[in-house]
Amino acid sequence: MGGVVLIGASTGAPRTHHLYLGSMPEGFSATLVVIQHMPRGPFIHGFMRYLHSRAPVPTHLARDGDVLRPAEVLVVEPGYHLRFRKDRRSVELSPAEGENYFAPSMDVTFTSAAQVFGRHVCVAMISGLHAEHDGLSGCQAVRR
């Protein structure tokens, strides 16, 4: 496993994902996890169609127990939080219940990745309008 790359994006960022998806290098060995702030409801299906049309690698909604695979994109569904299991091979998805205003939460996923992968994690934030509310403390956990 080549580690994980986490992309945290606020509500204004959905149309910018093509920038990094379109430039993924051949032989990319990490799993990419997208934490996109968006409301629950049908918007996620349009977002997934958008990603499918631009990603040169498999892209799907994360499910509890998904195994991390190189050159694959997992998207966290609105209303859920994604954490990494200590085995470094799979994810845990849980319904968001009062933990954080944002669900999915960048802080929850970033902090979990820092604890499990240590220095084998990379984080990027797109449009950090609400970074102080979600994303900043997770980025600090990864940096530490």
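This is a short dialogue on how to read the strands, helices and cores of the structure above.

Q: Before we start, what kind of model is this, and how are its residues numbered?
A: This is a predicted model, in which local features need pLDDT of at least 70 and side-chain atom pairs count only at pLDDT 80 or more, while totals for chains, interfaces and linings use all residues. Residues are numbered from 1 along each chain as its sequence is written, and side-chain values use heavy atoms, with hydrogens and water left out.

Q: Which elements have the lowest and the highest mean pLDDT?
A: pLDDT is the predictor's confidence in each residue, from 0 to 100. The protein averages 85, and 92% of the residues score at least 70. Among the elements, helix α4 (residues 136-143) has the lowest mean, 77, and strand β5 (residues 80-84) the highest, 95. Helices (H or I, at least four residues) and strands (E, at least two) are DSSP runs, numbered from the N terminus.

Q: In what order do the strands of the open sheet lie?
A: Two strands pair if DSSP finds at least two bridges between them. Here 5 strands form an open sheet with parallel pairing, in the order β3-β4-β2-β1-β7. β3 (59-61) and β7 (121-126) stand at the edges with a single partner strand each, so one side of each has no neighbour in the sheet. From one strand to the next, the twist averages 20°.

Q: How many bridges join β2 to β4?
A: There are 4 bridges between these parallel strands, and T31 has E72 in β4 as its bridge partner. β3 joins β4 through 3 bridges, also in parallel; there, T59 is partnered by V73. On the other side, β1 (residues 4-9) and β7 pair over 6 bridges, with V121 in β7 as the bridge partner of V4.

Q: Which way do the side chains of β4 point?
A: In a regular strand the side chains alternate between the two faces of the sheet. In β4, E72 and L74 point one way and V73 and V75 the other, and all are buried. Buried means under 20% relative accessible area, exposed over 50%, and partly exposed in between (1.4 Å probe, protein chains only).

Q: Which residues touch the most other members of the largest nonpolar core?
A: In soluble globular proteins, nonpolar side chains tend to be buried together. A nonpolar core is a set of buried Ala, Val, Leu, Ile, Met, Phe, Trp, Tyr and Cys residues joined through side-chain atoms within 4.5 Å. The largest one here has 20 residues, of which L21 and V75 touch the most other members. β1, α1 (17-21), β2, α2 and β4 each give two or more residues, and α2 gives the most, with 5. Apart from this core lies another, of 18 residues, including I35, L68, L74 and F84.

Q: Is M48 buried or exposed?
A: M48, in helix α2, is buried, with a relative accessible area of 7%. Contact means heavy atoms within 4.5 Å. Leaving aside neighbours within four places in sequence, M48 is in contact with T59, H60, L61 and V75.

Q: At what angle do helices α3 and α4 cross?
A: Axes are lines fitted to C-alpha atoms, for helices over the stretch in contact, and angles run from 0 to 180 degrees between N-to-C directions. The axes of α3 (residues 106-117) and α4 come within 7 Å and cross at roughly 10°. The two helices are therefore roughly parallel, a label for angles under 35 degrees. D107, F110, T111 and A114 in α3 meet residues of α4, among them L136 and V142.

Note on methods
Angles under 35 degrees count as roughly parallel, over 145 as roughly antiparallel, 65 to 115 as roughly perpendicular and the rest as oblique.
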